[in-house]
Amino acid sequence: MKFITFENNDKLPMLGLGTWKSAPGEVYQAVLWALEAGYRHIDCAAIYQNEKEVGDALKKAFDDGLVKREEVFVTSKLWNNAHEKDQVKVGLNKTLQDLQLDYLDLYLIHWPVSLKSHVMFPEKGEDFLDYSQVPLSETWSGMEALKAEGKLKHIGVSNFNQGKIKELLDSCQVKPEMNQIELHPYLPQNDLVNYCKKNGIHVTAYSPLGSADRPKARKKEDDPILLEHPLFKEIADKHGVSTAQVLIAWSLHRDIAVIPKSANKERIKQNLEAADIRLDAADMKAIEGISVHHRYIDGTFFTEVPGSPFSQSDLWDSL
Ligand code: A2P
């Protein structure tokens, strides 16, 4: 297993279990299967609405002696409706309570988009708070304060483009240590990854398998299916592995943490085994040459809400 080493020498196993889309009825078992298989990195978020069950699974694993708290790297994310300074703490406390933890290893601002505290998903312009009402620096200083209290080992962001990261870097006391972004061969994010690395920010790839199980509202009819591209099958056959494993190994090869989601025991195990696959230069070059470019999670559910103060340029630099 490859690790990311933070400045204070804490280590993050680069391959973790994603829990987005794992339903409350299945995520408990998925987390336990993952820990039994050897995963030591679990990626969560308040908006996945399953943190209570993830917490039950972690408690069971700790109680049974399967793993100790300090051996598991747990990430969660602050939802958009808790960006106001006094709300950041409220958001974290709810997550800690649900996960039954007294600290997180990593906490991320989930999106550079703010909502009023009673709103989960926006439907109209009044549901939002624009940057003059809640600057990102306000949310970030809330994150810094919680880190100083010892409730967070590391803090970072998700879905931040270069401009938004620069804004934080220009005003922060503690710099972000992670940017979690959609990343796979259809969206390799070369420029953003280079920018992050140049600034000492690590990168985690979400939707590394193309999130085919994303909700209908996040799907368009002509979306390409990542796992079905014939090149991955060709490379998989060459190494005697699965196409999903090729996609996971591709991120690891680039020193990018990766959090494939599965709620299936065999696939959870199979995905972890991708940590031992070594793609060669020819594989990487062939994947780099793929002509399909696609972003599955395009953020239009924020930017296309009538009256939204946020635009696509607040989210992405390019495709
Ligand atoms: P399942 O949970 O039934 O295993 P992403 O991580 O990009 O969000 O993708 C998650 C999707 O990929 C889910 O539909 C998940 O289904 C599926 N998946 C996870 N692991 C594998 C695998 N090894 N082979 C095929 N599909 C997989």
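This is a short tutorial dialogue on reading a predicted model of a protein chain with its ligand.

Q: Let's start with the whole fold. How many helices and strands does the protein chain have?

A: Counting secondary-structure elements is a handy way in. Here the protein chain has 12 helices and 12 strands. Its radius of gyration is 19 Å, close to the 20 Å that the globule rule gives for 319 residues, so the chain is as compact as a globular protein of that length. Lined up with the principal axes, the C-alpha atoms take up a box of roughly 55 × 45 × 35 Å.

Q: Now the ligand. Where does the ligand sit?

A: You compare the ligand's atoms with the open spaces found in the protein. In this model the ligand is in the largest pocket.

Q: Which residues come nearest to the ligand?

A: Look at the shell first, then at its closest members. There are 17 residues around the ligand, and Ser211, Lys261, Ser262, Arg267 and Gln270 come nearest. Helix α9 (residues 265-273) gives the largest share of that shell, three residues.

Q: How do the shell residues divide into nonpolar, polar and charged?

A: Sorting by side-chain class gives a quick chemical profile. The shell has six nonpolar, seven polar and four charged residues.

Q: What about individual polar contacts: which ligand atom does a polar side-chain atom of glutamine 270 lie 2.8 Å from?

A: For contacts, you check N and O pairs within 3.5 Å. Glutamine 270 pairs with a nitrogen atom of the ligand. Asparagine 271 also has a side-chain N or O atom 2.8 Å from a ligand nitrogen. With aspartate 213, the partner is a ligand oxygen, at 3.4 Å from a polar side-chain atom. As for burial, the protein covers 83% of the 570 Å² of accessible area that the ligand has on its own.

Note on methods: Residues are numbered from 1 along each chain as its sequence is written. This is a predicted model: local features need pLDDT of at least 70, side-chain atom pairs count only at pLDDT 80 or more; totals for chains, interfaces and linings use all residues. Side-chain values use heavy atoms; hydrogens and water are left out. A residue is near a molecule or strand if one of its heavy atoms lies within 4 Å of it. A polar contact is a pair of N or O atoms within 3.5 Å; within protein, one must be able to donate a hydrogen and the other to accept it, and residues adjacent in sequence count only if both atoms are side-chain atoms. Accessible areas come from the Shrake-Rupley method with a 1.4 Å probe; for residues, only the protein chains shown count as cover. On a 1 Å grid over the protein atoms alone, a cavity is a set of points where a 1.4 Å probe fits but cannot get out, and a pocket is an open set with protein on both sides within 12 Å along at least five of seven lines; lining residues have an atom within 4 Å of a point. A molecule sits in a cavity or pocket if more than half of its atoms lie within 2 Å of its grid points. Helices (H or I, at least four residues) and strands (E, at least two) are DSSP runs, numbered from the N terminus. Ala, Val, Leu, Ile, Met, Phe, Trp, Tyr, Cys and Pro count as nonpolar, Asp, Glu, Lys and Arg as charged, and the others, Gly among them, as polar. The radius of gyration is taken over C-alpha atoms; the globule rule is 2.2 Å times the number of residues to the power 0.38.
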